[in-house]
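Me: I should like to go through this structure in short questions and answers. Please give the reasoning before each value or name.

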Amino acid sequence: MDINNSLVSRFYSQIILEDFSIQDQENLLKKEITIIGCGGLGSPVSIYLAASGVGRINLVDPDVVEIRNLHRQVFFQEEDIGEFKVDVLKDHIERLNSHCKVNTFKSKSWEINFNEYSSEMIFDCSDNFRTKYSLNEACVNNNVPFCNASVSDSDGQIALFANKVDSHCCYNCLFPENGDIDANDCAEAGVLGPTVSLVASLQALIGLKYLLNKFNDTETIFRVSSKKISIEKNKILSNSSCRLNKL
Ligand SMILES: [Zn+2]
């Protein structure tokens, strides 16, 4: 079976969409993306992207699966407790789609050498501000698109910053660093599993569309409320006093 026949048989339901083509499917296979944080957001995001046909996925997370994760991190099972999350996900993805190549990094995100791989997009699925700010800075400085998401209580938010060479608008423009960035980690707030899954699905969808040049809402924040069952979107403006704004 040639590559086109094999793609059509596997991804038939995607390819027949009006705004999706076999060429898009071939392009996805050539994409390499990195997912930082493999918990409630990162595990479904990585599985959806692998199932959709992304060719290479780097998974970064230093943690092992714990019993308290299982109510929202539904790709992990009781038998995985004590195993590294990246190892469990890699195994799951490779059994799901053997054409997807997975690299794992059992490190904290700010200890990763981003030059070790040529990722086309960073997905921030972390649960702490230190990671979000350090990833944002690395992505701005290297002009790498940054797909950020977070969830806390009944609220979630997603934003994709393109980080193009000739314009500046970043996570730091929206949320300037101040005070103790190690305080108020999202991990400490309560959350329902389906709320996390809703935000993760949107993050995966937005990232997928951007990878295929089909996403026009960069530098826009999508605010999700699972209490009101609503999604609001607002344009993010560049902040001239942002310390990362070198233009
Ligand atoms: Zn900025």
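Me: In which loop is the place of Ser98, and is Ser98 exposed or buried?
Reply: The model is a predicted one. Ser98 has its place in the loop between α4 and β3 (101-105). Because 12 or fewer C-beta neighbours within 10 Å count as exposed and Ser98 has 8, Ser98 is exposed.

Me: How many Å apart in space are Ser98 and Asp2, C-alpha to C-alpha?
Reply: Along the sequence, Ser98 and Asp2 are 96 residues apart. In space, their C-alpha atoms are 16 Å apart.

Me: Is helix α3 roughly parallel or roughly antiparallel to α4?
Reply: Helix α3 (residues 42-52) and helix α4 (residues 85-96) have axes that come within 10 Å and cross at roughly 20°. Because angles under 35 degrees count as roughly parallel, α3 is, relative to α4, roughly parallel.

Me: Which residues of α4 meet α3, and how many residues in the contact are charged?
Reply: From α3, the residues Ser43, Ser46, Ile47, Ala50 and Ala51 take part, and they meet Leu89, His92, Ile93 and Leu96 in α4. By class, this contact of α3 with α4 has six nonpolar and three polar residues, while the number of charged residues is no more than that: no charged residues.

Me: Which helix gives the most to the largest nonpolar core?
Reply: The largest nonpolar core holds 51 residues, and Ile35, Ile57 and Phe123 touch the most other members. With seven residues, the helix that gives the most to this core is α7 (residues 193-211).

Me: Which residues does Ile35 touch, not counting residues up to four places away in sequence?
Reply: Ile35 is one of the three core residues that touch the most other members, together with Ile57 and Phe123. Both of these also appear among the contacts of Ile35. The full list is Gly42, Val45, Ser46, Ile57, Asn58, Leu59, Val60, Phe123 and Cys125.

Me: Is Met121 buried or exposed?
Reply: Met121 is found in strand β4 (residues 121-124), and Met121 touches Ile33, Val144, Pro145, Cys147, Gly207, Tyr210 and Leu211, leaving out residues up to four places away in sequence. The cut-off for burial is 20 or more C-beta neighbours within 10 Å. Since Met121 has 22 other C-beta atoms within 10 Å, it is buried.

Me: Asn143 has a positive phi in a residue other than glycine; is Asn143 buried or exposed?
Reply: Phi of Asn143 is near 55°, and Asn143 is found in the loop between α5 (129-142) and β5 (146-152). With 11 C-beta neighbours inside 10 Å, Asn143 counts as exposed.

Me: Glu219 also is not a glycine and has a positive phi; is Glu219 buried or exposed?
Reply: The phi of Glu219 is about 55°, and the loop that holds Glu219 runs between α7 and β7 (220-225). As Glu219 has 20 C-beta neighbours inside 10 Å, Glu219 counts as buried.

Me: With which residues is Ile22 in contact, leaving aside neighbours within four places in sequence?
Reply: Ile22 is found in helix α2 (residues 22-29) and is partly exposed, with 14 other C-beta atoms within 10 Å. Its C-alpha atom and that of Tyr12, ten residues apart along the chain, are separated by 9.2 Å. The contacts of Ile22 are Asn4, Leu7, Val8 and Ile15.

Note on methods
Residues are numbered from 1 along each chain as its sequence is written. This is a predicted model: local features need pLDDT of at least 70, side-chain atom pairs count only at pLDDT 80 or more; totals for chains, interfaces and linings use all residues. A nonpolar core is a set of buried Ala, Val, Leu, Ile, Met, Phe, Trp, Tyr and Cys residues joined through C-beta atoms within 7 Å. Helices (H or I, at least four residues) and strands (E, at least two) are DSSP runs, numbered from the N terminus. Two residues are in contact if their C-beta atoms, placed from the backbone, lie within 7 Å. Axes are lines fitted to C-alpha atoms, for helices over the stretch in contact, and angles run from 0 to 180 degrees between N-to-C directions. Angles under 35 degrees count as roughly parallel, over 145 as roughly antiparallel, 65 to 115 as roughly perpendicular and the rest as oblique. Ala, Val, Leu, Ile, Met, Phe, Trp, Tyr, Cys and Pro count as nonpolar, Asp, Glu, Lys and Arg as charged, and the others, Gly among them, as polar.
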